[in-house]
Amino acid sequence: MISVVCPILNEEQYIEQCLKSLLLQEELQDEMEIIFVDGGSTDRTKELIRPYCEQNPQISLLDNPKRIQSAAMNIGIGAAQGNIIVRVDAHAQFPANYVAQLVHYLTILPEAGNVGCGVDTQSKSRTPKALSIAKVMQDKFGVGNSIFRIGTDTKEEYIETDTVPFGCFQKELLQQIGGFNEKLMRSEDNDINHRIKQTGKKIYLITGLSLVYYQRDTFCSMMQNRYITGRKMIAEAVINHTLQSLRLRHFVPMLFVGFLILTAFVGILFLPSLWVCLGVLAFYLLCMLIRSVQINTKETSIGWLLWSFITLHFSTGFGSIIGILDIINPKTYK
């Protein structure tokens, strides 16, 4: 039995396309259960899932009082009948061979602790603004060296990496390492992969397989998401002693925005510092403009691409700086 676990919270715009793609999984349909774990949705998410539960006993809907994804995963793992856990996300749509391929590689690779694939970032809203956001979220100048987002030119069937989206695990291994860390709200994936590697297992990305992920398609929602991610990721990692699970790319926005703030502040008393700040900012904007021109298509807009880069970097960076303040004063950390 394979147990597919999906944490959910207010996903009415995405849940049905996710669920339908899971029901179309080939080869393993009779050997697969789907467990949705809801963190207290206030929209129609649960209402949309219930008819599927009534029609298919392999689909179940559980409640997650703690609301966060790490707790949802532990609830799902605890209820799972399968010895293999496949984590999925409601914002995603999966190819028909998705589960079968992940299970196949997890089984044949003796050192595999987590197996996943690449992400094709898309937008449900086909406007130039939304498509520009999606484009930036899979560009190396936007998200750094995250292979599952930006892709790879390798001809290998699979490659070892530091993280993959969602993933496929042996239930026994997850139980052995204590499951997902429920103290973490935003960096639970980095942490679980780090702890898996500490056991001697490896993280593999299947290069010939990809899923579709629907990115938030407004600047307001993108800004809010990246701010919270930046804030929680840094603070959680330090407060909970999981800093080793992060990579350099996680700190770059914070260092960049922090440098601009520092040089601007010093510039009040020492004018050359202000010129340094303005010079670095101008160079950054020029680089992002050049990159926006390079990746622009008929469907996107140079202006929206540029603004997407700025929104991504500055909201993540500001969030991380506030996360540092949370570390200094843990009473502000929630």
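Helix 11 spans residues 252–266, and Leu262 is one of the residues within this helix. In this predicted model, Leu262 is exposed, with a relative accessible area of 52%; that value places the residue in the exposed class because the class begins over 50%. Leu262 also belongs to a nonpolar patch on the surface, together with Phe265, Val266, Ile268, Leu269 and Phe270. The accessible area of these residues together comes to about 720 Å².

A reader tracing the chain from its start may next turn to a pair of packed helices. Two packed helices are described by the angle between their axes and the distance between the axes. Helix 1 covers residues 15–23 and helix 2 covers residues 45–55; the two pack at an angle of about 25°, and their axes are 10 Å apart. Helix 1 is therefore roughly parallel to helix 2, since angles under 35 degrees count as roughly parallel. The crossing of helix 1 and helix 2 is right-handed.

Salt bridges offer another way into the fold. The structure holds 11 of them, and several can be followed here in turn. One joins the side chains of Arg87 and Glu188, at 3.5 Å from N to O. This pair links distant parts of the chain, as Arg87 lies in strand 4 (residues 84–87) and Glu188 in helix 9 (residues 188–198), with their positions 101 residues apart in the numbering. Both Arg87 and Glu188 are buried.

A second salt bridge brings together the side chains of Glu299 and Arg126, again described by an N to O distance, here 3.5 Å. Its partners are 173 residues apart and both sit in loops: Glu299 in the one between helix 12 (271–295) and helix 13 (302–328), and Arg126 in the one between strand 6 (112–122) and helix 5 (128–136). Glu299 is partly exposed, with a relative accessible area of 46%.

A third salt bridge is formed by the side chains of Arg249 and Asp162, at 3.0 Å from N to O. Here too distant parts of the chain are linked, with the partners 87 residues apart: Arg249 belongs to the loop between helix 10 (219–239) and helix 11, while Asp162 belongs to the loop between strand 7 and strand 8. Arg249 counts as buried because its relative accessibility is 18%, and Asp162 likewise counts as buried at 19%; the limit for this class is under 20%. Elsewhere, Arg87, Glu188 and Asp189 are joined into one network by salt bridges that share partners.

The backbone also deserves a look, at two residues in loops. Phe166 is found in the loop between strand 7 (158–161) and strand 8 (168–170), the loop that also holds Asp162. Phi of Phe166 is near 65°, a positive value in a residue other than glycine. Phe166 is buried, with a relative accessible area of 11%.

Arg67 provides the other example. Its phi is near 75°, which is likewise a positive value in a residue other than glycine. Arg67 lies in the loop that runs between strand 3 (59–63) and helix 3 (69–79). With a relative accessible area of 46%, Arg67 is partly exposed, whereas Phe166 is buried.

Conventions:
Residues numbered from 1 in each chain as written. Predicted model: local features only at pLDDT ≥ 70, side-chain atom pairs only at ≥ 80, totals over all residues. Heavy atoms only, no water. Patch = residues over 30% accessible without salt bridge, like charges linked within 9 Å, V, L, I, M, F, W, Y side chains within 5 Å. Areas by Shrake-Rupley, 256 points an atom, 1.4 Å probe, with all protein chains shown as cover. Salt bridge = Lys/Arg side-chain N within 4 Å of Asp/Glu carboxyl O. Helix = DSSP H or I, 4+ residues; strand = E, 2+ residues; numbered from the N terminus. Buried < 20%, exposed > 50% of the residue type's maximum accessible area, 1.4 Å probe, protein only. Axes fitted to C-alpha atoms, helices over the stretch in contact; angles between N-to-C directions. Parallel < 35°, antiparallel > 145°, perpendicular 65-115°, else oblique. Left-handed = near helix turned anticlockwise from the far one by under 90°.
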